[in-house]
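Me: I am about to work with this model and would like a close look at one part of it, set against the chain as a whole. Please take your time and connect the details.

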Amino acid sequence: MDCGCLHSQLTTTVLVHSKGRSQPPKFRILRCNPQLNLSSLDSMKQTCSGVALELKLRRPSEKLCPVQTVGIRCDHPQNADLPRYYSRKEKKPFPIPIVELRRAARDRMKNRLPKRRVPPPKIGLVIKSLVPTAYNVFNARMTVINNLKRLLKVVTVNGCKWCNEIHVGPVGHPFKSCRGSQASQRKGHHEWGKAVLEDIIVPLECYHLYDRLGKRITHEERFSIPRIPAIVELCIQAGVDLPEYPTKRRRKPIIWTGKNEFVDADESELPDPEPESPKPPVLAEIPDPEVEPPSSTEETLLLAEETLVAWEKMRAGANKLIKMYPVRVCGYCPEVHVGPSGHKAQNCGAHKHQQRNGQHGWQTAVLDDLIPPRYVWHVPDVTQPLQRELRSFYGQAPAVVELCVQAGAEVPEQYKPTMRFDVGIPNSIKEAEMVV
């Protein structure tokens, strides 16, 4: 082919998007030399790969023919790192660093911005638009619990007898990662046994508040106030009505008389409340003696898919609720408190609790503090156990997701980066040593 008859030049521009970085995008141009055959790639000086590609086709007259752009974007990066493990001697980081909080406070004082309108939860009212979300979160939690009880009849989950690590699979993993009692004598090996539902879903409890704006719970009241699951307490404060856990509902905003003092408004002048529309039914937990395993493989698959949908629905709804209803967590231990300020019970037993007199170091909680995801090793093939020498090639996923995947459900897109689906696992140790 005569290169002189070529009236256009093909230019490929590769645009690399780096998620979470503030650096400007980098452009690399790959040009085909018209002096050589177009089918050859010898003229390409550089090669690069990215998450987003932008292809531009330049023609003799760009005014007559506009530039064509094709964008390819991937929101989920490949081989994402797992959340960092914090030892008992380390304090959890703040969701927003202290430096940024101080900088924002200085900016507000400098610009003299007007105060925002106080949200309804801080003046004692319930956000009516979030009441259906609270019921959905409560029912989704019950669906996950009931389905996991049935799936545990057909999917084996092992738990270590000395530490809180679990493994989804017929045989426990061989990694030396035990941090329990006398782990040095066992050289870090686990002693596996049968796991239960509480090993998969952490039973995180908190105090139930009759009035979330009332006085803080003292140390002497720690045994007189009932404790319920934290996610259930959040749903109750958001509008879910449970007869066994009554709570105070206000119809008028409170009247502040001081910095931390207020009085309730007079609601006697208000007309009688109109009959509300019937609220969604509340699901109940299935007792253990009544749990039946799925009868067929198709039912197991449908049960696993329903569990994954309920799991994502519960987390997404809880993430909306914690943005409006404050939730606190201790920076040293897993204690959670649903309310504007933490309780005063001196029951923190974390590292150096004697210096704090057993008091908790309260800070703003995030979603993983309210619903802790128990990460486990992903098993690519259930028939083949994991090998200790190939540990760096395996990925991890939350225990609920891994259990549903082994039951036959499709892997959600947001969990594929941590499960390392794009990493090829070597067939032998010699092949793994050849990997750079």
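What percentage of the 436 residues of the protein chain count as buried? And, for the close look, with which side chain does the side chain of K248 make a polar contact?

Reply: This is a predicted model, in which local features need pLDDT of at least 70, side-chain atom pairs count only at pLDDT 80 or more, and totals for chains, interfaces and linings use all residues. Residues are numbered from 1 along each chain as its sequence is written, and side-chain values use heavy atoms, with hydrogens and water left out.

Of the 436 residues of the protein chain, 36% count as buried, where buried means under 20% relative accessible area, exposed means over 50%, and partly exposed lies in between (1.4 Å probe, protein chains only). The chain holds 9 helices and 15 strands, these being DSSP runs numbered from the N terminus, with H or I over at least four residues for a helix and E over at least two for a strand. Among contacts (heavy atoms within 4.5 Å) with a separation of 6 or more, 66% are between residues 24 or more positions apart.

Now to the part itself. K248 sits in the loop that runs between helix 4 (230-237) and strand 9 (255-256), and K248 counts as partly exposed because its relative accessible area is 28%. Leaving aside residues up to four places away in sequence, K248 touches Y210, D211 and D264. D211 is 37 residues from K248 along the chain, yet their C-alpha atoms are separated by 5.5 Å.

The partner you asked about is D264, whose side chain makes a polar contact of 2.6 Å with the side chain of K248; such a contact is a pair of N or O atoms within 3.5 Å, where within protein one must be able to donate a hydrogen and the other to accept it, and residues adjacent in sequence count only if both atoms are side-chain atoms. K248 and D264 also form a salt bridge, with the closest N and O atoms 2.6 Å apart. This pair links distant parts of the chain, since K248 is in the loop between helix 4 and strand 9 while D264, 16 residues apart from K248, is in the loop between strand 10 and helix 5. A salt bridge here is a side-chain nitrogen of Lys or Arg within 4 Å of a carboxyl oxygen of Asp or Glu, and by this rule the count comes to 11. D264, like its partner, is partly exposed, with a relative accessible area of 37%.

Two other salt bridges help to place this one. D368 pairs with R315, the closest N and O atoms being 3.0 Å apart; D368 lies in helix 6 (residues 367-370) and R315 in helix 5, so the pair ties together parts that are 53 residues apart in sequence. Here D368 counts as partly exposed at 33% relative accessibility, whereas R315 counts as buried at 14%. E413 forms a salt bridge with K416, in which the closest N and O atoms are 3.1 Å apart. Both E413, at 44% relative accessibility, and K416, at 28%, count as partly exposed. Returning to K248, salt bridges that share partners join D211, K248, R250 and D264 into one network.
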